[in-house]
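Trainee: I have a two-chain model open and would like to go through it with you.
Mentor: Fine, put it up and ask away.

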Amino acid sequence: MKRLILLLLAITLLACTNKNRTTPTTRKIGVLLVSHGSRSETWRKALTDLDGRVRNAIMADGKVKDVKSAFMEYTEPSIATRLKEFDQHDFSDVIVVPIFLTVSPHPFDDIPTIMGQKTDPQSLETIKVEGIERYTPRARTHITPLLDFTDLLQKNIARRAKAISTTPDKEGVVLIAYGDETYEKEWGALLDRVSQYVEKETGIGVHSYGWCGHLVHYDPGKTTAAIEKVLVARDKALVIPVLVAHDERFQIKLIGAGIDRIGNKEQRVVYKPDSILPDEDLEQWVRDAARHHVTKIEASPK
Amino acid sequence: MRWPSVRDLRRLNVATHRDIGYFVSALVIAYCTSGLALNHADIWNPDFVIHKKKITVPARGEVRLEPAEIQAYGALVGENRYRVFDYPTRDQVKIYYESATLHVDLSSGMGLYERVSRRPLFYQVDVLHRNSFKPWRWAADAFALLLVLVNVTGLFILKGARGLGGRGKWLIAAGLVPPLVALVLHG
């Protein structure tokens with residue numbers, strides 16, 4: 001019996017030591033586009049399309065050997081799945097590009113915790129409950145800044161407002177975003193910056209914003225309230241979803257229900273259930289972020 | 001070998017209903033408890049208890065803090081050893097401890113300390129109900145089928161006026177009313 005136990009212990013020890021946890025010495029860089037994830041196939045397709053549109057340009061100079069996409073929750077491929085794939089192919093560095101608008105616990109705590117970069121107690125417990133796998137890769141991970149780091153969101157919203165605007169002096173812009181409880185101040189400031197830019201570009205001087213996510217318990221009434229605020233001063237409200245991609249639950253069900261509560265909505269509300277993607281500036285931003293980090297990695301010691 | 005009589009089938013039916021009923025009783029209670037908890041997940045956290053404590057520190061604006069200053073913040077919430085600290089924005093710092101965090105807005109001087117712990121009983125039953133442990137889904141499928149069996153066998157336990165042919169059929173019809181009304185109202 002003792003021998004058997006010793007044998008089993010030896011096998012276990014061998015299995016543990018066989019795992020090579022050291023970062024490969026030969027430099028091999030990959031790029032991982034990480035988005036929130038959704039049960040909506042349309043939403044996920046927008047993100048995989050983004051991957052398809054940027055991969056050739058990112059890999060063109062041969063410095064980046066692969067580009068992959070991962071979803072933080074709901075569906076595969078997960079972050080852990082993709083990081084394991086990079087490890088299997090001996091990547092030394094993975095540049096993680098979070099496709100998130102601005103600061104929130106997802107890019108700041110959850111993603112680094114999933115990748116083993118950080119141990120946030122609340123994230124750790126939450127990802128366990130939600131069945132999200134945590135995986136610390138052998139490859140070094142480098143997280144790029146978020147979308148609000150540049151002015152691409154401002155340009156995106158201004159372009160979409162222009163597309164549905166007919167009489168700027170009689171219209172107001174209503175921005176509907178997911179929102180975040182911890183960083184509500186920052187989300188509000190971002191949308192204020194966006195609205196000021198829209199005003200400069202389109203001449204639409206009245207704006208409001210509302211949340212549609214967990215912060216407001218997915219209440220369409222918050223969309224209605226934001227629209228009504230604009231309609232006090234203007235004849236027509238242009239409703240623009242500040243959401244990365246199209247998800248039927250948000251653009252149709254939640255925002256749509258909020259608009260349905262407006263009297264005479266056909267005359268008073270202009271709404272196109274679109275999203276930030278597709279956007280050429282965003283594609284360029286992903287390419288630039290990857291290129292910038294490749295340069296940084298190459299300048300750092302192996 | 002003879003075909004089982006109606007009486008034999010009735011006895012088998014009662015025995016099946018009784019024994020499977022005993023077998024699934026613990027899980028029925030677990031699933032009902034977690035069902036109630038998860039039904040209201042938008043107004044309370046069924047899985048975790050978050051102990052919160054607000055603190056106030058002198059407002060400093062956009063600064064980078066020295067480890068000694070981070071240590072001093074920790075002393076205000078009874079934490080003497082931090083793991084790491086990070087800046088979510090230019091004027092905010094988040095300090096991580098063993099099972100807690102302290103998030104300080106350096107512009108306003110307001111800080112929020114949060115210690116997370118699992119809500120006893122609810123956490124465990126929620127893990128099962130939500131299939132957080134992936135292989136559990138097969139057990140959950142089997143459990144669902146057993147519940148159907150308990151239900152169907154239950155229909156044939158009594159005969160006569162109190163059985164399925166008597167008041168039973170009216171009570172089944174009455175049970176269909178709430179979901180039908182809800183679906184009609186939902187549109």
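Trainee: What share of the contacts in chain B with a separation of 6 or more comes from residues 24 or more positions apart?
Mentor: That share is 59% in chain B. Keep in mind that this is a predicted model.

Trainee: And what is the figure for chain A?
Mentor: In chain A, residues 24 or more positions apart account for 75% of the contacts with a separation of 6 or more.

Trainee: How many helices and strands does chain B have?
Mentor: Chain B has five helices and five strands. Read from the N terminus, the order of its elements is α-β-α-β-β-β-β-α-α-α.

Trainee: Is chain B compact or spread out?
Mentor: Chain B is more spread out than a compact globule, because its radius of gyration is 28 Å and the globule rule gives 16 Å for 187 residues. The C-alpha trace of chain B spans about 85 × 45 × 20 Å along its principal axes.

Trainee: How much of chain B is buried?
Mentor: Of the 187 residues in chain B, 13% are buried.

Trainee: Let's look at H3 of chain B. Which of its residues are buried?
Mentor: In H3(B), which covers residues 122-129, the buried ones are B:Phe122, B:Val125, B:Asp126 and B:His129. They lie on the same side of H3(B), because the arc they cover around the axis is only 105°.

Trainee: What do those buried residues pack against?
Mentor: They pack against helix H1 of chain B, residues 6-39.

Trainee: At what angle do H1(B) and H3(B) pack?
Mentor: The angle is about 95°, and the axes are 9 Å apart. H1(B) is therefore roughly perpendicular to H3(B).

Trainee: Which residues make that contact?
Mentor: From H1(B) there are B:Ala30, B:Tyr31, B:Thr33, B:Ser34, B:Gly35, B:Ala37 and B:Leu38. H3(B) supplies B:Phe122, B:Val125, B:Asp126, B:Leu128 and B:His129. By type, the residues of this contact are seven nonpolar, four polar and one charged.

Trainee: What happens just after H3(B)?
Mentor: B:Asn131 comes there, with a positive phi of about 55°, although this residue is not a glycine. B:Asn131 sits in the loop between H3 and H4 of chain B.

Trainee: Why does B:Asn131 count as partly exposed?
Mentor: Because B:Asn131 has 14 other C-beta atoms within 10 Å, while a buried residue would need 20 or more and an exposed one 12 or fewer.

Trainee: On to H4 of chain B. Where is B:Ala139?
Mentor: B:Ala139 is in H4 of chain B, which runs over residues 136-155. B:Ala139 is partly exposed, with 13 other C-beta atoms within 10 Å. Its C-alpha atom is 9.5 Å from that of B:Leu128, and the two residues are eleven apart along the chain.

Trainee: Now chain A. How many helices and strands are there?
Mentor: Chain A has eleven helices and eight strands. Its C-alpha trace spans about 85 × 50 × 30 Å along the principal axes. Buried residues make up 43% of its 302 residues.

Trainee: Which residues does the cis peptide bond before A:Pro77 join, and where is that proline?
Mentor: That cis bond runs from A:Glu76 to A:Pro77, with omega near 0°. A:Pro77 is in the loop between strand S2 (64-71) and helix H3 (79-88) of chain A. Another cis peptide bond joins A:Leu277 and A:Pro278, with omega about 0°. A:Pro278 is in the loop between strand S8 (269-271) and helix H11 (280-299) of chain A.

Trainee: What about the phi of A:Asp90?
Mentor: A:Asp90 has a positive phi of about 55° and is not a glycine. Its place is the loop between H3 and strand S3 (93-98) of chain A. A:Asp90 is partly exposed, with 15 other C-beta atoms within 10 Å.

Trainee: Last topic, the contact between the chains. How many residues does each one put in?
Mentor: Chain A puts in 14 residues and chain B 16 residues. On the side of chain A that touches chain B, helix H5 (residues 121-129) of chain A gives the most, with five residues. The residues on that side of chain A divide into four nonpolar, four polar and six charged.

Note on methods: Residues are numbered from 1 along each chain as its sequence is written. Chains are lettered from A and ligands numbered from 1 in the order in which they are written. This is a predicted model: local features need pLDDT of at least 70, side-chain atom pairs count only at pLDDT 80 or more; totals for chains, interfaces and linings use all residues. Two residues are in contact if their C-beta atoms, placed from the backbone, lie within 7 Å. Helices (H or I, at least four residues) and strands (E, at least two) are DSSP runs, numbered from the N terminus. Ala, Val, Leu, Ile, Met, Phe, Trp, Tyr, Cys and Pro count as nonpolar, Asp, Glu, Lys and Arg as charged, and the others, Gly among them, as polar. The arc is that of the directions from the helix axis to the C-beta atoms. Axes are lines fitted to C-alpha atoms, for helices over the stretch in contact, and angles run from 0 to 180 degrees between N-to-C directions. Angles under 35 degrees count as roughly parallel, over 145 as roughly antiparallel, 65 to 115 as roughly perpendicular and the rest as oblique. The radius of gyration is taken over C-alpha atoms; the globule rule is 2.2 Å times the number of residues to the power 0.38.
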